[in-house]
Amino acid sequence: MRRVVRQSKFRHVFGQAVKNDQCYDDIRVSRVTWDSSFCAVNPRFVAIIVDASGGGAFLVLPLHKTGRIDKSYPTVCGHTGPVLDIDWCPHNDQVIASGSEDCTVMVWQIPENGLTLSLTEPVVVLEGHSKRVGIVAWHPTARNVLLSAGCDNAIIIWNVGTGEALINLDDMHVDMIYNVSWNRNGSLICTASKDKKVRVIDPRKQEIVAEKEKTHEGARPMRAIFLADGNIFTTGFSRMSERQLALWNPKNMEEPIALHEMDTSNGVLLPFYDPDTNIIYLCGKGDSSIRYFEITDESPYVHYLNTFSSKEPQRGMGFMPKRGLDVNKCEIARFFKLHERKCEPIIMTVPRKSDLFQDDLYPDTAGPEAALEAEEWFEGKNADPLLISLKHGYIPGKNRDLKVVKKNILDNKPAANKKSDLINAPKKAADASNPQNEAKLEEILKELKSIKDMISSQDERISKLEQQMAKIGD
């Protein structure tokens, strides 16, 4: 006997918008015609791309700063053209990257308690694209590795710690790139492009591992993302402009594992994926609903669960990482839905009677520690994300500041091959240590000493203040 209803713990997942006073109100959400989500969230902040005159800007709000946002609230506003995409660093909750129409990528360090003044100076500006940059995506497991893709059909992978472009994939796409997704350990990327192809690329070998032509027949934009098991999930349009979703095995891209047609709306479907529960949430731009599906190993592989509907259409959507959720309320996802003038959190919950921690809903999830350093990844190492338990909730630790060390261009000279070069090298080095360099070194040492003195005096001041506070407390 075949069971009529499939057993699943996520069958009754329901979505609920928060009350009005917990929304972020009076925000002028960007009107740029670009299919990005316009919103990025992490356990500390929500960032929203906003309309800005004479340049590009985005808001960064601490999660608790709900209610009406003042028009004069400080923004991050260093770009000279509209911002098209933003992405929080998975290994540092105070670092965010932004791509813009001004052809640059900028990486910003947000103060621990949010902005008090507008931020115009990024930590580093990454210049290498010749046209606008519409996609930025951090590497899931390696520290300070950032990918950007522009309308010049190039993908550049940067070492943010040195501000250098280390991999440039500029000859793999003949048409506009709609989106780029890293796999679970960051060894491969998959891209969806305007030429209707989905490509799986090994960025370090700079080769295409698999590709599929006409993944979706329609001419409207597609999306492709990696799932935890290595399969690829795509959304797109049929020849009759019906919205489709499909599941592919990159080892055999001939036929999809599953292909479903949904409806005839014309908004691009943005997929948000939770690797812990294997649920995909589809948010259509301009839709007023979020549909969610569970991916399993049994036919039909993509199982429709439910739809969350509301009255207002969405301009964009932010998706909270698992460590930012409230495990005591069985919350398995939280979205930040952008309206014309506000951002509204939507909470997805699995109804459970018990108040105890639900192990089956919260397997260990990717934590904020990087598994690799940038250099290790570029040298060819891979590592899965370092997992943390959410049993006692997630307490954000202290993030270290992002420091960019620009490499000396002179160090990048070709290696000395000739014997004579090797013999002359010590002589050249001796010549280089002239008085000018010594003076510079002395200056730097003085500066270091003064900084150390300042820190120790501040330490003393802080401990005195703490003692006074303790006395007042007693």
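What pLDDT does the protein average, and what share of the residues score at least 70? I noted that the model is predicted, and I looked up its confidence before anything else. The protein averages a pLDDT of 89, and 93% of the residues score at least 70.

**Entry on confidence.** I then asked where in the protein confidence is lowest and where it is highest. The lowest value belongs to helix α2 (residues 419-432), with a mean of 40. The highest belongs to strand β3 (residues 39-41), at 97. I also recorded that pLDDT stays under 50 over residues 408-433. For that stretch the model has 5 contacts beyond four places in sequence.

**Entry on the surface.** I found a nonpolar patch on the surface, formed by Leu441, Ile444, Leu445 and Leu448. Together these residues have about 400 Å² of accessible area. I located Leu441 in helix α3 (residues 435-473). Is Leu441 buried or exposed? Leu441 counts as exposed because its relative accessibility is 52%, and the cut-off for exposed is over 50%.

**Entry on cysteines.** How many disulfides does a search of the whole structure find? The search finds 0. Cys151, for instance, is in no disulfide; its nearest cysteine sulfur, that of Cys103, is 9.0 Å away. I noted that Cys151 is buried, with a relative accessible area of 15%.

I next asked why Cys343 has no bond to Cys39. The sulfur of Cys343 lies 5.0 Å from that of Cys39, the closest cysteine sulfur, which is too far for a bond, because a disulfide needs the sulfur atoms within 2.5 Å. Cys343 also counts as buried, at 0% relative accessibility.

Key. Residues are numbered from 1 along each chain as its sequence is written. This is a predicted model: local features need pLDDT of at least 70, side-chain atom pairs count only at pLDDT 80 or more; totals for chains, interfaces and linings use all residues. Side-chain values use heavy atoms; hydrogens and water are left out. pLDDT is the predictor's confidence in each residue, from 0 to 100. Helices (H or I, at least four residues) and strands (E, at least two) are DSSP runs, numbered from the N terminus. Contact means heavy atoms within 4.5 Å. Patches are made of residues with over 30% relative accessible area and no salt bridge: like charges are joined within 9 Å, nonpolar side chains (Val, Leu, Ile, Met, Phe, Trp, Tyr) within 5 Å. Accessible areas come from the Shrake-Rupley method with a 1.4 Å probe; for residues, only the protein chains shown count as cover. A salt bridge is a side-chain nitrogen of Lys or Arg within 4 Å of a carboxyl oxygen of Asp or Glu. Buried means under 20% relative accessible area, exposed over 50%, partly exposed in between (1.4 Å probe, protein chains only).
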